[in-house]
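Biologist: Could you walk me through this one in plain words? I'd like to hear what stands behind each label.

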Amino acid sequence: MNNKRIVVALGRNAFGTLFPDQKQAVTKAACAIADLVEERYQMAITFSNGPQVGMLHTAMTEFSRLSPEYTVAPMSVCGALSQGYIGYDLQNAIRTELLNRGIFKPVSTIITQVRVDPFDEAFSEPTKVIGRYMSEDEARAETAKGNYVVREEKGYRRIVAAPKPIDIYEIDAIRALLDANQLVIAGGGGGIPVLQQGTRLKGASAVIEKDLTAARMADMVDADTLLFLTGTEKVAVNYKQPDEQFLDSLTASEAHAYMEQNQFEAGSMLPKIEASVEFVSARPGRKAIITDLSKAREAMDGKTGTMITAK
Ligand SMILES: Nc1ncnc2c1ncn2[C@@H]1O[C@H](COP(=O)(O)OP(=O)(O)O)[C@@H](O)[C@H]1O
Ligand SMILES: NC(=O)OP(=O)(O)O
């Protein structure tokens with residue numbers, strides 16, 4: 001019996017954006033998770049929510065224009081909504097895939113709140129890209145509403161603050177489900193960012209980088225492996241350049257050197273590398289793996305992916 005504990009972070013390509021796309025897309029993620037269940041890993045699963053949280057925030061803002069009976073939803077509430085509906089599709093897809101393989105294993109989603117620092121400088125420097133691409137006119141309208149936008153190659157996107165995850169309030173429940181050998185989906189979309197005010201938790205207007213929350217959660221449940229399932233089989237240096245080189249492995253010090261050379265794109269590969277380095281450096285014997293969603297089992301068997309270790 002393999003009692004290894006892993007935290008799996010599912011990237012954006014596991015979901016699509018629209019409701020019907022997502023229902024279809026999550027079946028691929030469910031296969032990857034079921035493969036790992038067959039290998040008898042204990043598993044906590046987290047996921048991206050950038051496109052969805054942007055869509056929900058826009059939708060809720062538009063509803064509030066239609067009728068005074070609908071109010072604008074704060075970003076933290078949109079984070080909670082995204083955790084709920086993505087978790088719903090994902091847990092059902094995993095349940096079905098497991099049952100089709102003759103496996104009965106409970107899978108549940110935990111609405112997860114993550115403490116952030118009110119003085120985190122991210123609140124004055126928004127960097128987290130959310131939602132769909134916008135035209136220049138739409139971007140101007142967003143700016144007029146007091147929102148921030150950034151220009152990318154394919155158009156404009158909204159950006160929000162991405163404070164660092166400090167603590168996960170529901171960690172005991174996550175641990176209890178792992179100890180009971182159940183599947184748990186938690187910290188979706190990086191978790192709902194909250195500020196602790198005495199006994200009260202107040203939602204913060206932000207979206208946490210899910211890669212960093214995945215590392216925090218993996219550390220707090222003392223996982224052996226942190227597995228990022230994204231859209232590339234391996235991490236490259238000189239990405240998309242003529243001298244592009246895909247890496248089988250990376251030590252923390254090599255990763256630091258590459259980060260100093262700005263080898264990894266902010267908001268994309270960089271947070272996965274940062275999260276991996278943080279996780280593997282905190283305790284000996286840990287590893288992080290970055291690979292494609294379709295390669296989960298092979299990567300866990302050491303046959304592909306980029307493996308990050310402390311030394
Ligand atoms: N250095 C790199 N090596 C490999 N892929 C990269 C690199 N930089 C960016 N990418 C691209 O970025 C993607 C991962 O970023 P992103 O899609 O934002 O993450 P996520 O899958 O967590 O949502 C990869 O699938 C790949 O297409
Ligand atoms: N919350 C989060 O990191 O989502 P994305 O991976 O979609 O950016």
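Modeller: Sure, starting with one pair: Ile 290 has Thr 306 in β17 as its bridge partner. Mind that this is a predicted model, where local features need pLDDT of at least 70 and side-chain atom pairs count only at pLDDT 80 or more, while totals for chains, interfaces and linings use all residues. Residues are numbered from 1 along each chain as its sequence is written, and side-chain values use heavy atoms, without hydrogens and water.

Biologist: Why are β16 and β17 said to pair?

Modeller: Pairing takes at least two bridges found by DSSP between two strands. Strand β16 (residues 287-292) and strand β17 (residues 306-309) have 4 bridges, in the antiparallel sense, so they pair. Strands themselves are DSSP runs of E, at least two residues, and helices are runs of H or I, at least four, both numbered from the N terminus.

Biologist: What makes β3 and β15 edge strands?

Modeller: The open, mixed sheet has 8 strands, ordered β3-β9-β2-β1-β12-β16-β17-β15. β3 (107-110) and β15 (249-251) each have a single partner strand, so one side of each lacks a neighbour in the sheet.

Biologist: Where does Tyr 70 lie, and why is Tyr 70 called partly exposed?

Modeller: Tyr 70 lies in the loop between α2 (50-66) and α3. Buried means under 20% relative accessible area and exposed means over 50%, with partly exposed in between (1.4 Å probe, protein chains only). Tyr 70 has 48%, so partly exposed is the right label.

Conventions: Chains are lettered from A and ligands numbered from 1 in the order in which they are written.
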